[in-house]
Amino acid sequence: MSTAVMTKVDSLLVDNLSLSFGGVKVLTDISMSLNAGDITGLIGPNGAGKTSFFNCLTGIYSPQKGSIRMGEERLEKVPPTQRAALGFSRSFQHVALCPELTVAENVMIGLDRLSRTGWLSAFLPLAGGRAERQHNRQRAQEALERLGIAHVADLMPSELPPGLLRLAEIARAIVGEPKVLLLDEPAAGLNSVETRSLALALKSLRSPDLVLVVVEHDMDLIMDVCDRIYVLNVGKLLASGSPDQVRDNPDVVRVYLGDEDE
Ligand SMILES: Nc1ncnc2c1ncn2[C@@H]1O[C@H](COP(=O)(O)OP(=O)(O)OP(=O)(O)O)[C@@H](O)[C@H]1O
Ligand SMILES: [Mg+2]
């Protein structure tokens, strides 16, 4: 892809977003400013609507109300493939690497939205695909290097411990140089050593050219890496602010520790 066409990355502005399924409210009047250059945390108990919110940002879910704007661009009606082309990328709550492909090949799939011929032809031994495949392979290697795991490029996913699998997934999400990167519970299933490596990796991704949003249940990780945190509870925005502000917010404490009077 030509980097010459890349524009300055704008913040992502979400205004009054509401989503429901068959009358069940999943998100109610959510407004957020997701700033380029920040790491934004999105936390909340199970079922709060965190993954659904990501699905609204990527266009998988269509909110009934509200707007999502990146610069001048209104995104609500933009289909998921076009949002990917605009620079939206994500990782999933459950590791989703293809077990039949090497780590590097899995990372190359992240270049799909930039491929001139489509990723499948880049995998096939056709003349047109070969040059692109080589180029993509190089970019995959660089993405793995950025996360400090270039040594696992030729391994199969089944050979990796959970911490490296997560980093490989993140490599796939960043290989196309996204403008918006959404990570859904990247620390799930990781031990404390792996979580510390993940924290370093996340901090290394912070960039003025990137809107980075992390959904997590691991509070220590969120407090450590985030500049700003939004707290969802049963589909509503409960609180937002710096890690210190959120940690000290009585509503947040009540939701996380339970109200002893109840
Ligand atoms: N496609 C759907 N159809 C119906 N209900 C849905 C759908 N997707 C999500 N929901 C409901 O929306 C609510 C929020 O779910 P969501 O997965 O967004 O929560 P979450 O905050 O990501 O939770 P967790 O921390 O457990 O991952 C849940 O009650 C869920 O059942
Ligand atoms: Mg979720």
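## Two sheets and a shared helix

In the hairpin formed by β4 and β5, Gly-71 adopts a positive phi near 60°. Two residues lie between the two strands of this hairpin. The model described here is predicted. β4 and strand β5 (residues 73–74) run antiparallel and are joined by two bridges. Across this pairing, Met-70 stands opposite Glu-73 in β5.

The hairpin belongs to an open sheet of four strands. Its order is β2-β1-β4-β5, and the pairing is antiparallel. β2 (24–34) and β5 stand at the edges. Each has a single partner strand, so one side of each is left without a neighbour in the sheet. Strand β1 (residues 12–21) and strand β4 (residues 65–70) pair in the antiparallel sense. Five bridges connect them. Ser-18 stands opposite Lys-65 in β4. The pairing of β1 with β2 is also described by its bridges: there are seven, in the antiparallel sense. Here Leu-17 faces Ile-30 in β2, the two standing opposite one another.

A further open sheet has six strands. The order is β6-β7-β8-β3-β9-β10, with mixed pairing. β6 (88–91) and β10 (236–241) are the edge strands, and each pairs on one side only. On average, neighbouring strands of this sheet are turned by 20° against each other, direction ignored. β6 and strand β7 (residues 180–184) pair in the parallel sense over four bridges. Within this pairing, Ser-89 has Leu-181 in β7 as its bridge partner.

Helix α1 packs on the six-stranded sheet. The strands it touches are β3 (39–43), β6, β7, β8 (211–215) and β9 (228–233). The direction of α1 makes about 155° with that of β7. α1 also lies across β1, β2 and β4, where it runs at about 65° to β2. Strands of both sheets are thus among its partners. Helix α6 (residues 162–174) lies across β6 and β7. Its run is at about 170° to β6.

α1 is mostly covered, with seven of its nine residues buried. These are Lys-50, Ser-52, Phe-53, Phe-54, Asn-55, Cys-56 and Leu-57. Just after the helix, Gly-59 takes a positive phi of about 90°.

The same helix takes part in the surroundings of ligand 1. Helix α1 (residues 50–58) gives the most to the shell around the ligand, with three residues. The residues around ligand 1 include Lys-50, Thr-51 and Ser-52. Gly-44, Asn-46, Gly-47, Ala-48 and Gly-49 are also among them. The remaining members are Phe-21, Val-26 and Gln-93. By character, the shell divides into three nonpolar, seven polar and one charged residue.

Two residues other than glycine also have positive phi values. For Glu-185, phi is near 55°. Glu-185 sits in the loop between β7 and α7 (192–205). It is partly exposed, with 19 other C-beta atoms within 10 Å. A residue needs 20 or more such atoms to count as buried. Val-234 has a phi of about 35°. Its place is in the loop between β9 and β10. With 15 C-beta neighbours inside 10 Å, Val-234 also counts as partly exposed.

Taken as a whole, the protein comes to 10 helices and 10 strands. Of its 262 residues, 42% count as buried. Among contacts with a separation of 6 or more, 66% join residues 24 or more positions apart.

Confidence varies along the chain. The protein averages a pLDDT of 90, and 89% of the residues score at least 70. Over residues 1–6, however, the pLDDT is below 50. Beyond near neighbours in sequence, this stretch has one contact in the model. Where pLDDT is low, the predicted coordinates should not be read in detail.

Note on methods:
Residues are numbered from 1 along each chain as its sequence is written. Chains are lettered from A and ligands numbered from 1 in the order in which they are written. This is a predicted model: local features need pLDDT of at least 70, side-chain atom pairs count only at pLDDT 80 or more; totals for chains, interfaces and linings use all residues. A residue is near a molecule or strand if its C-beta atom, placed from the backbone, lies within 6 Å of it. Ala, Val, Leu, Ile, Met, Phe, Trp, Tyr, Cys and Pro count as nonpolar, Asp, Glu, Lys and Arg as charged, and the others, Gly among them, as polar. Two strands pair if DSSP finds at least two bridges between them. pLDDT is the predictor's confidence in each residue, from 0 to 100. Two residues are in contact if their C-beta atoms, placed from the backbone, lie within 7 Å. Axes are lines fitted to C-alpha atoms, for helices over the stretch in contact, and angles run from 0 to 180 degrees between N-to-C directions. A residue is buried if 20 or more other C-beta atoms lie within 10 Å of its own, exposed if 12 or fewer, and partly exposed in between; C-beta atoms are placed from the backbone.
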